[in-house]
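Reader: I'm new to reading protein structures, and I'd like a close look at one spot on the chain to start with. Please begin at a single residue, tell me where it sits, and then walk me onward from there.

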Amino acid sequence: MHNRIGVLALAIAASTTLVIGLAGQGTSPESQLVRRAADALGGRDRVMAMKTLQIIGYGELAYFNGGGNITGDPAAPQKWQSVLEHTRTIDLEHGRMRVQQRLKMNFEFASTAGQLGLNRSNETLDGDVAYNIGGGFLAAPTTGTPQPQPVGAAAARQRRVEMLAHPITIVRAALDPATKLSNVRKQGNLQLVDVTVRQGDTLTLAVNASNLPAWVSYVGPNTNLGDVTYRTAFTGYVPEKGIQLPMGIATTIDFRNVVQSKLYVDRNIVDAPIDDLSAPASVRQAKPPQGSPPGGGAAPQPMKVADHVWFLGGNTFFEFDDHFVMVEANRGDAALQGILKAVNSLVPGKRVTQVIQTHHHFDHSAGLCAAVAEGLTVISRRGNEGIFREMVARPARLFPDALGKNPRPLKFTPVDDHLKLKDSTNEIDIYHIVGNYHMADGVIVHVPASNLLVEADLTTQEWDFNWWGDSLMNNIEHRKLKVDTNLSVHAQKPYPLAEVVAAIERQVRNTQAFCRRAADAQFFEPGCPMQYNRPLPPSAK
């Protein structure tokens, strides 16, 4: 009897707390705004009663968030990835979400998987646990059943806020008594309110004159851009089972106002059965993924490839009288710091003081801010200076990176057509790459004493296709360079030039054959027919 009374008392107390919480929420301007939004979507009870939502559609992604274009100029045309077979499944009851889609490059790309969108990525969130199934959109297609792999707290946080960037999820979160609502305000014909959820993430909800959610914004970290504000806008509301749902979803970021993603909704499915999205035990019991230096858990060990020249996992290092110069700051904070530590210990008293950035693309400049934080002077084509200064000037206060923790100004040395670095120990020549279809402001580095060439994105042995296969030899001949060995940023070891050229010729033939097959199928691909202006030896049978 006492137990029954105790349970009843707890139930009354819990319901009283809920009523008080809801009543308190209902009296503030912020809560009233959220209530009006819920009513416009179909009513608070209907919104809160929803159990599942599936969003099916297609769209586009801005490649590298706008950092993969032909130049770093803000006026450069945007490169796009097509989003195909997009399905976003949200388990509203349990706070879970899965996004499945194919990504296909709408521009010339080196791999078959990326060019054709062969792989379907599968990214899931279960509360605070994030995991993937399969190797992602650039992984080679595999047979068998892929196993779920945990991807860490940063991915979980990003997916959590992305899940809230939808009218239903943000309004449900705003109606939660554990959520803090604040700072109601007007912006034009919109009313805004800040929504801080129980995990501590703060998002802003904008409501239009019809009381429907117009957009949701939030801040997330980015390796190249520091703190990035995302704004996801909703348009074209249509009813589905008593709920108003958008047919257009577009996300813009505060870097150059890039439209980061577009989603055209083909169908909204409400309260249909869905798969179990809960994280399997193997994921929950796994240790969080940890960053590691190149080569696994062992400390990185530079490889000496010539007098006063070392190579480590795609990065080249040149020894001079009193310092080192490296090629490419293309790794995140911890990995870059690990590499610098290894190289700085090679010769007593000599440290890396300069970094040559071959071009601006965000996979190559991922460590730019970390390099600036280390005090390194950046050497690159003059046309890259603007975007590099823009990247370094961006704040990283909410999610501090190396530069956010140790702010320093960018020290920049420009390259126009040619820059020579020379002292009694070493001599290198930095040249502008001419006539390349992938990057207008790229540079290559030549070491006359050892006939070494250092390049990025001109070729890699493992590529399926090479759309600018004439570029490497055209530039070598244009500069009248003697080259025996090629060091590629995307390679793990040096290669003789003859092997590199043989790989390019194979990749060019693959590309030409790919274009022929596409044309025969009347499935026309970007870059076809490919442009190639060098003699191509007969194919070996």
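**Starting from one residue**

Author: Let's start with Asp275, which is exposed, with a relative accessible area of 57%. It earns that label because anything over 50% counts as exposed. Keep in mind as we go that this is a predicted model. You will find Asp275 in the loop between β15 (259-270) and α7. Now look across to Arg98: this residue and Asp275 are 177 residues apart in sequence, yet their C-alpha atoms are 9.7 Å apart in space.

Let's try another loop. Ser210 lies between β9 (202-207) and β10 (213-222). Ser210 also counts as exposed, because its relative accessibility is 52%. From its C-alpha to that of Leu190 the separation is 9.6 Å, with the two positions 20 residues apart along the chain.

For a contrast, go to the loop between α7 (281-284) and β16 (303-306), where Pro300 has its place. Is Pro300 buried or exposed? At 9% relative accessibility, Pro300 counts as buried, since the cut-off for that word is under 20%. Val343 is 43 residues from Pro300 in sequence, and the C-alpha atoms of the two are 9.0 Å apart.

Strands give us buried residues too. Thr251 belongs to strand β14 (residues 248-253) and is buried, with a relative accessible area of 7%. Which residues does Thr251 touch, not counting those up to four places away in sequence? They are Tyr230, Arg231, Thr232, Val258, Val259, Gln260 and Ser261. Pause at Arg231 in that list, for its charged end sits over the ring of Trp215, 3.8 Å from the ring's centre. A similar kind of arrangement is worth finding at Lys79, which lies over the face of Phe107, 5.2 Å from the ring centre. Phe107 in turn belongs to a cluster in which ring pairs link Tyr63, Phe64, Phe107 and Phe109.

Next comes the backbone. Asn65 is not a glycine, although its phi is positive, at about 55 degrees. This residue is in the loop between β1 (52-62) and β2 (80-91), and it is buried, with a relative accessible area of 15%. Asn183 also has a positive phi, near 60 degrees, in a residue other than glycine. Its place is in strand β7 (residues 180-187). Asn183 is partly exposed, because its relative accessible area of 41% falls between the cut-offs of 20% and 50%.

Now for the aromatic rings. How many aromatic pairs does a search of the whole structure find? The search finds 12. One of them is Trp463 with Trp468: the ring centres are 6.1 Å apart and the planes are at 80 degrees, so this pair is edge-to-face. Trp463 counts as buried at 13% relative accessibility, and Trp468 is buried as well, with a relative accessible area of 5%. Another edge-to-face pair is made by Trp467 and Phe514, with 6.2 Å from centre to centre and 85 degrees between the planes. This pair links distant parts of the chain, 47 residues apart: Trp467 is in the loop between β26 (452-455) and α12, while Phe514 is in helix α13. Both Trp467 and Phe514 are buried.

Those names bring us to two helices. The axes of α12 (residues 471-479) and α13 (residues 497-520) come within 10 Å of each other and cross at roughly 135 degrees. That angle makes α12 oblique to α13. Which residues meet here? From α12 come Leu472, Met473 and Ile476, and from α13 come Leu497, Val500, Val501 and Ile504. The residues of this contact divide into seven nonpolar, no polar and no charged.

Our last stop is the segment after α13, where Pro529 is found. Look at the link between Cys528 and Pro529: the peptide bond that joins them is cis, with omega at about -10 degrees.

How values were computed
Residues numbered from 1 in each chain as written. Predicted model: local features only at pLDDT ≥ 70, side-chain atom pairs only at ≥ 80, totals over all residues. Heavy atoms only, no water. Axes fitted to C-alpha atoms, helices over the stretch in contact; angles between N-to-C directions. Helix = DSSP H or I, 4+ residues; strand = E, 2+ residues; numbered from the N terminus. Parallel < 35°, antiparallel > 145°, perpendicular 65-115°, else oblique. Contact = heavy atoms within 4.5 Å. Nonpolar A, V, L, I, M, F, W, Y, C, P; charged D, E, K, R; others polar. Phe/Tyr/Trp six-rings, centres within 6.5 Å; stacked < 30°, edge-to-face > 60°. Buried < 20%, exposed > 50% of the residue type's maximum accessible area, 1.4 Å probe, protein only. Lys NZ or Arg CZ within 6 Å of the ring centre and 35° of its normal.
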